[in-house]
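I opened the model today with a short list of things to look up. My notes follow, topic by topic.

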Amino acid sequence: MLGICRGRRKFLAASLTVLFVPAITWIYLFAGSFEDGKPVSLSPLESQPHSPRYTASSQRERESLEVRMREVEEENRVLRKQLSLAQSRGPAHHRGNRSKTYSMEEGTGDSESLRAGIVAGNSSECGQQPAVEKCETIHVAIVCAGYNASRDVVTLVKSVLFHRRNPLHFHLIADAIAKQILATLFQTWMVPAVRIDFYDADELKSEVSWIPNKHYSGIYGLMKLVLTKTLPSNLERVIVLDTDITFATDIAELWAVFHKFKGQQVLGLVENQSDWYLGNLWKNHRPWPALGRGYNTGVILLLLDKLRKMKWEQMWRLTAERELMSMLSTSLADQDIFNAVIKQNPFLVYQLPCFWNVQLSDHTRSEQCYRDVSDLKVIHWNSPKKLRVKNKHVEFFRNLYLTFLEYDGNLLRRELFGCPSEADVNSENLQKQLSELDEDDLCYEFRRERFTVHRTHLYFLHYEYEPASDNTDVTLVAQLSMDRLQMLEAICKHWEGPISLALYLSDAEAQQFLRYAQGSEVLMSRHNVGYHIVYKEGQFYPVNLLRNVAMKHISTPYMFLSDIDFLPMYGLYEYLRKSVIQLDLANTKKALIVPAFETLRYRLSFPKSKAELLSMLDMGTLFTFRYHVWTKGHAPTNFAKWRTATTPYRVEWEADFEPYVVVRKDCPEYDRRFVGFGWNKVAHIMELDAQEYEFTVLPNAYMIHMPHAPSFDITKFRSNKQYRICLKTLKEEFQQDMSRHYGFAALKYLTAENNS
């Protein structure tokens, strides 16, 4: 690319020479034909030898100029010939003789047309920075803390991945919450040529906690100051980004700007686009010292090796200590201290063009930095108002942001052609497992789903809960898709304890859920509900994977394995906590059964006691669950005995039994081979029985199934013969696995199935 740009510059210079040299020559000759303001004819026919003005010297001068003009014309003719030959074969010649390939010239995958639309008009190729080698790794550092910031990071990363053509290495300075969320997300995302390293932000607090900070980012907003100390000592340069950044171009273009640094320049920054540091926003406004308008630290290029040699740590600390004596605290976190250092040492900064950080903050003047929105490369939502900020092009910016917010992250799992990826054990194991499957098997898609890795975003909303100190706490566990969102508020009203939910959604649906939850007073008032997004992929509903995700991320010693369509009785949470003590669940293998009922009415006056429920059962308002279509599923609960029971009673396992139970958190997971409709709970209860769990029915507990439209999966089960055949095959294979794993005791499951 660099070679081509140089060639084009030569071509442009030569073209200008061809065009302007003859013109200048003729102007010179024409100007020379005037004397005393009067024109002098140069035509031989009009020359007058007898004129006193026509001397031998002037004739020689004219002849000399004519000879020179002919020489220039001959040189131009030869030059034009050379240029025409170079133009016809130049690009091929450059490509054939280059020893390296560059990332500016080669894309990856199916997003080229969309990328072209977004980046169009940014700048000419020859006006760009020196190109970055195709497989050169680009290092990016981001400070991230908490649940909301973790969501923002995902959108930022999507925009970077969408445009990128190089391997990426993300350095995430994260607190414990963000690390848990993002580690799981990237592990399940499995994007090729992307490496993630985490650095404990909590360990860095002592480095900056002495600095009072009024900015909403809190202590984490100061941590970019200590990156030279935090990041690996062999890392020479890094791009540092705020979480509220959206890229509209390939990040390699920004990485290439490092080549423009000269002398002692170690910081690449864009000028601040508000009048904040000019101190004229309001009366008595007193900002930190800055050079002119100051610089914004939402996008920073750091030359780490040089900063370390300059003793950056000592430099910023001394500056901060001096300024805090009069300023008392920072208003814009690390940005104030960076600017104070630059004020004293202006030679440190390389000023980036403003399109590398278009700041949509309050009082912004960003509109003056670009002529057209297509010129933009990085958009920075650095106002607390975020998408509600005022700007004449805010609709364009908002739509660009929403594009990446709702973009299917699975589409970003594309390989970088020609760049070798680091060996990934999880990816290799997955490929090995898939290669062992027979693609001609009619049940191939069912079997494949068992090994599908679904991108997972844990704790999509704020979660805050400390389990009860008496070790009796119980979490309600359930899974759902978009068509069951309406059940969330009702469940929260019926169950005051902690809840763990796995939601199966697309990226766009996840944003719809977020808006729904944020608009609900009931959901926003509850901080003990963990929402875990499992992103859609494949044609089946991975019901047991969802249950496992929800089960895995509970913080209580016990869990109530329910379904989203059930409303627990009022007070069930406290009743279960008493029951785990009464039945010594901590020291025994028990599964406490909560009897299940159902109503066919969409509007139900929910029974407030067992006596009221029995009355409704007698009147036909309620029924035992699935008694008319799947009696075997809950018959072993022995509802006749439950009607009069006052103490817990034990029941035995029977074929197809699938009650809703309370168990310890260390119980076995659900078997992932069962997807969609059929046998997903039955298999789990069978394994509990194989592990010698004792099934105990609670006499004063109940739950009621609310009516809803049939799910897509049950429709497929009923209408698709092959679906039912594959389910039967998977069931038989599961029973065989049980026999191999649990031996002679598991033979009863085969016998029971044959007799049922």
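**Cavity**

How many cavities of 30 Å³ or more does a search of the whole structure find? I got one. I noted at once that this is a predicted model, where local features need pLDDT of at least 70, side-chain atom pairs count only at pLDDT 80 or more, and totals for chains, interfaces and linings use all residues. Residues are numbered from 1 along each chain as its sequence is written, and side-chain values use heavy atoms, with hydrogens and water left out.

My working definition: on a 1 Å grid over the protein atoms alone, a cavity is a set of points where a 1.4 Å probe fits but cannot get out, and lining residues have an atom within 4 Å of a point. Grid points are joined across faces, edges and corners, and a volume is the space filled by probe spheres set on the points. Rolling a probe the size of a water molecule over the atoms shows where empty space is left.

The largest cavity comes to about 50 Å³. I listed its lining as Leu561, Pro659, Tyr660, Val661, Tyr670, Lys681, His684 and Ile685. Two elements, β23 (660–664) and α22 (680–690), give two or more residues to that lining. The largest share is from α22, with three residues. Helices here are DSSP runs of H or I with at least four residues, strands are runs of E with at least two, and both are numbered from the N terminus.

I sorted the lining by class and got six nonpolar, one polar and one charged residues. For that sort, Ala, Val, Leu, Ile, Met, Phe, Trp, Tyr, Cys and Pro count as nonpolar, Asp, Glu, Lys and Arg as charged, and the others, Gly among them, as polar.

**Whole protein**

I tallied 25 helices and 25 strands. Of the 756 residues, 52% are buried. Buried means under 20% relative accessible area, exposed over 50%, and partly exposed in between, with a 1.4 Å probe and protein chains only. Next I checked contacts, meaning heavy atoms within 4.5 Å. Among contacts with a separation of 6 or more, residues 24 or more positions apart account for 80%.

**Strand β6**

Is strand β6 (residues 237–241) mostly covered or mostly open? I found it mostly covered, with four of its five residues buried. I then looked up its partners, where two strands pair if DSSP finds at least two bridges between them. Strands of a sheet pair through backbone hydrogen bonds, either parallel or antiparallel.

Strand β3 (residues 138–144) runs parallel to β6, with three bridges. Ala141 has Val240 of β6 as its bridge partner. Strand β9 (residues 295–303) pairs with β6 in the antiparallel sense, over five bridges. There, Leu241 stands opposite Val299 of β9.

**A three-strand sheet**

I also traced an open sheet of three strands, ordered β7-β12-β11, with mixed pairing. Its edge strands are β7 (245–247) and β11 (358–359), each pairing on one side only. β11 and β12 (residues 378–380) are parallel, over two bridges. Gln359 has His380 of β12 as its bridge partner. Helix α12 (residues 394–405) packs on this sheet and touches β7 and β12. Its direction makes about 85° with that of β7. Axes are lines fitted to C-alpha atoms, for helices over the stretch in contact, and angles run from 0 to 180 degrees between N-to-C directions.

**Two helix residues**

I looked up Asp507 in helix α16 (residues 507–518). Asp507 counts as buried because its relative accessible area is 5%. Beyond four places in sequence, Asp507 touches Lys158, Leu405, Glu406, Tyr407, Asp408, Gly409, Arg455 and Tyr535.

Ile181 sits in helix α5 (residues 176–189). Ile181 is at 0% relative accessibility, so I logged this residue as buried. Outside its neighbours within four places, Ile181 contacts Tyr147, Ser150, His457, Leu458 and Tyr459. I also took a C-alpha distance: Ile181 and Gly146 are 9.2 Å apart, with their positions 35 residues apart along the chain.

**Positive phi**

Most residues other than glycine have a negative phi. I found Asn638 with a positive phi, near 65°. Asn638 lies in the loop between β21 (623–624) and α21 (639–644), and is partly exposed at 32%. Phi of Asp656 is positive too, near 70°. Asp656 is in the loop between β22 (649–651) and β23. Which is Asp656, buried or exposed? I logged Asp656 as buried, at 4% relative accessibility.

Methods: 1 Å grid on protein atoms, 1.4 Å probe; cavity = no way out; pocket = protein on both sides within 12 Å on 5 of 7 lines; lining within 4 Å.
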